[in-house]
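Work through the exercises below with the sequence and the coordinates open. Each task is followed by a solution in steps.

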Amino acid sequence: HSYDQLAEAVQGSYRAGSMKQLYSRGAGIAPKEAVLLSRIMSWVSITGYYFPITGESIVSGDLIETSIPFTIAHETAHSFGIGPEKEANFAAFLCCVESGDAELTYSALFNGYISLHNALFNADREQWRTVYGSLSQPVLDDLAAKSAHLEKYEGKPNDFGSSVNDAYIKSTGQPDGVRS
């Protein structure tokens, strides 16, 4: 799908899925795709940003395909008034998984897996190895593509951007910061 088609599919899923009461409070503004700022956003470790003063958000155009639908849904959740990152992630997961669209569903499952994968890695390495070893080759390829994409931007600008984003998220009352 094109970016605009993905944004419309996200809106449709919020409108019709279990989160439809959220949508009934007023249609969230679909995030715009950041074209000119995308590389800068990648260098400072930001995939999307919600600007509460205008109610608008942007999503980096420099994301791997598996992250775009989930990020659109996440930023849209912020436009509905969901502030905490964990809650916006959960709303994005529900939105995408209930969409009936294979691309959105895969994005939800893929990004949900990454969150659980990271938590399991820290909690139980042996169980993590078992789960990781059960993944299909296409999923492993997507994980490798995401890692390769992120590695391109490692370094001081990324560390700085991540620390600024972490401080910002913590200032909104979320003690886990970017880890949330």
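Helices here are DSSP runs of H or I with at least four residues, numbered from the N terminus. The model is predicted.

**Exercise 1.** Determine where E126 and R129 lie, and how the two side chains meet.

Solution. Step 1: both residues belong to helix α7 (residues 125-133). Step 2: they are three residues apart, about one turn of the helix. Step 3: their side chains meet in a salt bridge, at 3.7 Å from N to O. The cut-off for a salt bridge is 4 Å between a side-chain nitrogen of Lys or Arg and a carboxyl oxygen of Asp or Glu. Step 4: E126 has 55% relative accessibility and therefore counts as exposed, while R129, at 46%, counts as partly exposed.

**Exercise 2.** Find which parts of the chain are linked by the salt bridge between D176 and K86.

Solution. Step 1: the closest N and O atoms of D176 and K86 are 2.8 Å apart. Step 2: the pair links distant parts of the chain, with D176 in the segment after α9 (156-171) and K86 in helix α5 (residues 85-97), 90 residues apart. Step 3: D176 is partly exposed at 27% relative accessibility, and K86 is partly exposed at 47%. The structure holds four salt bridges.

**Exercise 3.** Give the strand order of the open sheet and explain why β1 and β2 each have one side without a neighbour.

Solution. Step 1: the three strands are ordered β1-β3-β2, with mixed pairing. Step 2: β1 (32-34) and β2 stand at the edges with a single partner strand each, so one side of each has no neighbour in the sheet. Step 3: neighbouring strands are turned by 25° against each other on average, direction ignored. Step 4: β2 and β3 (residues 56-60) run antiparallel and are joined by four bridges, whereas β1 and β3 run parallel and are joined by three bridges. Step 5: I58 in β3 stands opposite Y49 and also opposite K32. Step 6: helix α4 (residues 68-79) packs on the sheet, touching β2 and β3, and its direction makes about 15° with that of β2.

**Exercise 4.** Assign the residues of β2 to a covered and an uncovered face.

Solution. Step 1: in a regular strand the side chains alternate between the two faces of the sheet. Step 2: in β2 (residues 48-51), G48 and Y50 form the covered face. Step 3: Y49 and F51 form the uncovered face. Step 4: in the hairpin of β2 and β3, with four residues between the strands, G55 takes a positive phi near 75°.

Technical notes
Residues are numbered from 1 along each chain as its sequence is written. This is a predicted model: local features need pLDDT of at least 70, side-chain atom pairs count only at pLDDT 80 or more; totals for chains, interfaces and linings use all residues. Side-chain values use heavy atoms; hydrogens and water are left out. Buried means under 20% relative accessible area, exposed over 50%, partly exposed in between (1.4 Å probe, protein chains only). Two strands pair if DSSP finds at least two bridges between them. Axes are lines fitted to C-alpha atoms, for helices over the stretch in contact, and angles run from 0 to 180 degrees between N-to-C directions. Contact means heavy atoms within 4.5 Å.
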